[in-house]
Amino acid sequence: MKKIMTKYAFIWPLLGSIFLWIAISIVSGKFSVGQIFSSAKLCSFALLLALGQMVVVTSGEGAIDLSQQYILTLAAYISCDLMQYNVILGIIAAVAVGAFCGLVNGIVNIYLKVPAMVTTLATGYIIFTIVLVLAPTMKTLPNAGFVDFINLHAGGFSMLTMICMIVAVLLALLLYKTKYGKQLHAVGQKRIAAKYAGIKVNKVVISAFVIGGALCGLSGTLCGAFNGGAFQDMGTTYFLPSIAAAFVGGTAASGGKSNVAGVCLGALMMYLLTTFLNAANLSVGMQRLIQGAVLVLILVASVSDDAKKN
Amino acid sequence: MKKERVQTPYIELSKVNRFFGITKALEQIDFQIFSGEVIGLVGPNGAGKSTMMKILTGVLPPTDGKIIVDGTEMKRYTTKEAKEAGIACAYQDLSLCTNLSVYENFAMLNVEHGMFTKPGWRKTAKKETKELLEKYFPNNQIDIMKPVERLTLAERQIVEICKTLMTDNLRVLILDEPTSALSTDKANQLHKVVEELSARGTSVIYISHKLEEILKISDRIVMMRNGKNSGECDPKEIDTVQLVEMLGGSGAAKGKQKINRENAAKGDMAVSVKNYTGKGLYNINLHVHKGEIVGISGLAGSGQTELLNILFEAGRYTGIEKKGVLLNSSVSYVSGDRAREGIFHLWDIFDNIIIGNLDQVKKGWFLNKKKSEELAQSWYDKLKFRAEGIHSPIMSLSGGNQQKALIARGIASGAELIILNDPTAGVDIETKQEIYGLLDEAKRAGKAVVLYSTEDAEIEICDRAYIMHEGEITEELKGEDITVPNIVKASFKDTKHQKKSEEKKESLIHRVMTSRVLLPVTAMIFMILINAAMNPRILSYMGMRMLVSSAVPLVFAALGQMFIVTAGDVDMGNGYSIALVNVLVGIILTGNPLMGIVSLSVFVGAYALMGALIHVRNIPAIVVTLGAQFVWWGIALVIAPSPGGSCPEWLLRLYKFDFPLIPMPIVLCILAGGSCWYILFRAKYGMILRGIGNNPLAVERSGWSYLCAKMVNYVLAGLMVICSGMAYTAVCMGADANSSATYCMMSIATVILGGCEMSGGVVAPVGVVCGGIAMSFITTILTSFRVDSNYQTAVTGLILIVVLAIKLVMHKKEGK
């Protein structure tokens, strides 16, 4: 039983999602499958951040990216601004800027030997300052064509959900089927051992930050378009849910273990939680309180005992 | 030396079983320890020796069977009972807190646990430590004031052994591979210690793979195999060869095995080093050809590992000569320090083998599963793993079998130069023989092998050997000349280079320059000077009071953060916990003092609980505190949905008190820094608080509770958060749940600027206080320069990175 639970860590967020869906249905008084589909759509932004976070955390030694929310905001501004010239250019530039922020994080972390948490906290504030300074000069309204595109639906599935699924599948292939993926997981377990196994540790870790940053960039692009424009605090909403999703989904905080499916379901679950708290008509304070408490409780329940053996 | 046997053994294990799932680690074990005897415990890896020792020391409970101490059967047998029975163990993996000084490590073990000890205990502890080290290992030249991390491995091992010897009422001493890092003379001193102990009636269990040692010092040899007793013998009636046979070695004893050296036809040069000096090495000249095994030997710690690292790192620029090092082939590295440098613990054997060979099993962009499994399976069969299959988790294997996986990784990588760093450390004889066979095979396949071993006899399998002493190659031995006596002789040969006077006089200037508080103090003075230059009036009493006043909340917040950093964690939620205290003070405490006090106590309790939760469930602190942040914020918002409240009168009066000469805020800062410094560096429990940030296991083994210490760290942090919240209330005269969030980032920045290490254990309260003042002055300066408030966060971020970069540079200068 325990073995199964450890192996299929996505069971936890899956059960959580189902439970919350039922709870929402009871509170709102109607069962609706549409609820799941719309949640799947709306959790996209946090989901992409969570996947990025997962890649970074998997590189081990306490790596974590706290600048994600700011990268997302910056990317949203850039995509909105550049899309007035060309949609594709906007997307590429936003993702590239995200990747570049990741690159800076990685380089500072590795070559200046600054702990990842501190690095990203610091770069996060710098990026935020860039946003504050640039914001007044930028066009914040998204390209209408692009907005229409991401709002397409096929059956219950929205374009956002599709994009997330494609990203998740590609990421899973990268992480579990390629040389890079194996090396990333090795580096995450023990960097010295990875070095002696002939892995270029620095390159692998920096790439992890770059991938994480690029995913933030993508998330920002979509988020800016979906919300009808970029605004300064847009990243804040996704900060807690994305971190929670990453860990609830089965990412080992100590590194070396990731779970794409689990993290995706984790993001869905965190969104359902927010929906539930809204549906229950609670004050902002109560909502925050419950969100925080639930996150801690989920962690207590779901963190596997693996970590203990180390 | 045979002692008269007393009728009843002091401790007896009777029919003890220990199962891990279906694995039978111990089966029907009988083991008796009589007072004053030296038992040599031998057996291949995975024989269950370590498990049995864990049962003896109470770390593991037996699945069933009896433990009898002094004739009475023990119902309950935990580490506590084992300690009372006088059983102590010097662990294979060194269990010292490396951030604490040598004497503190000793004090941790024998100081009373009560709240207060009479003053002067540090002095006594220092004296005792010095005497103890000198008594057992004369001329050890260990500086007891040095933190353990600055000692050599051999010195650490000596400290470790002495620490164990210090157990009061020591009746049974377990030495698990005690001489693995010790030079011969130190090992001999240890053997003398063992004799002395045994004469005093203390029994010693001596576990070693070095059979000569076992034969030399034990009164009785106990053998184990596959978790069972496999016999006993008298060391006087047996020699190494017989012992090896009895242990089930494949016949050939080490040293006797002749590896054919006749095909001395050398291949191409694989690596050559010319006149290399640096990294503790002097004038190194060597060359390794394809098709030969080259040994590296000499006293442990003579620079062998550094040399191997240089060879391995040359792999980054193959074919190019750099500093005299020229590598002409691909290279792989096999470490004997499996736990730290070798295995990937989350993986199975399969992944652990193929990770070094991913290019071989690639097909297009992806890894090919079939190819990988074939590769792993072929090595699995070849090395005769004792496991269920290639998908057995690596952690379920014994040390020897883990080592096989590493060697498979190293050889299968297809590298033409294979570097082995003590690959047989803690490996049983049978596996050793297999490893030698593999090396020989690799050699015949035209690969170059460099083997460093701490066991001199092992070098005999090499074609050539370089013997090192103090970072220099003192002799090159060839063919038949490679014998243990020759190696030993060369190991002590004089070196050519002037031995650098290691003992750099710790001059005052040097101490100041390397001090952790240098940076924050300089930063603070610098900031004050800039401020004064712009506005000289701030140097007055009132000016300072006003300026420092706004720094006080940050100083307390940073000190709180520091306590959590001490434990190796980080508090990502203190911005909002300060907000919560702000609300509790500004609204509840003002209205109803009793309720206020109760709520604040509950708050401290919550911090303690958070610490306990992080410890018990082993969840990363960063995530828990992030989650908790929303709880604090939520509660604060519920109590105060909008800003309001007021500061209690008494608090305001205290804060604005006209202290003579020195402004009150400065007094508060000094008090805060001073008391935190006292708690961490003078009080007895402070060393435990710092210890758990470094090596919690060592703290627990010394009889202290990790959980308790962690909770104390969090409680202290909670108290500091309360102080910070109070100061904040006094500064802004009201309560607002949303205004203090920046303290999180600021406090982390301050802790780093203040000279603490985020990895835990190393902290500097005085530095933190100065750092806090400096940080808050920066804001003042920026404001007076009329810098856009948008830039202020960026400046804080930049300062963080710059400070850490400065630290990195300073560290490099120190030569670490």
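Here is a short tour of one helix, one helix pair and one chain-to-chain contact. The model is predicted, so local features need pLDDT of at least 70 and side-chain atom pairs 80 or more, while totals for chains, interfaces and linings use all residues. Residues count from 1 along each chain as its sequence is written, and chains are lettered from A in written order.

**Stop 1: H24 of chain B.** Select residues 664–682, helix H24 (helices are DSSP runs of H or I, at least four residues, numbered from the N terminus). Its end C-alpha atoms are 25 Å apart, which agrees with the 27 Å expected for 19 residues (1.5 Å times one less than the number of residues). Now colour its buried residues, among them B:Leu668, B:Cys669 and B:Trp677. Buried means 20 or more other C-beta atoms within 10 Å of a residue's own, exposed 12 or fewer, partly exposed in between, with C-beta atoms placed from the backbone. The buried ones cover an arc of only 160° around the axis, so they sit on the same side of H24(B) (the arc uses directions from the axis to the C-beta atoms). On the other side, B:Leu671, B:Tyr678 and B:Arg682 are exposed.

**Stop 2: the chain contact.** Show both chains: 53 residues of chain A meet 57 of chain B (in contact means C-beta atoms, placed from the backbone, within 7 Å). On chain A's side, select H15(A), which gives the largest share, 12 residues.

**Stop 3: H3 and H25 of chain B.** Finally, select B:Glu104, B:Ala107 and B:Met108 in H3(B), which meet B:Met687, B:Ile688 and B:Gly691 in H25(B).

Conventions:
Contact = placed C-beta atoms within 7 Å. Helix = DSSP H or I, 4+ residues; strand = E, 2+ residues; numbered from the N terminus.
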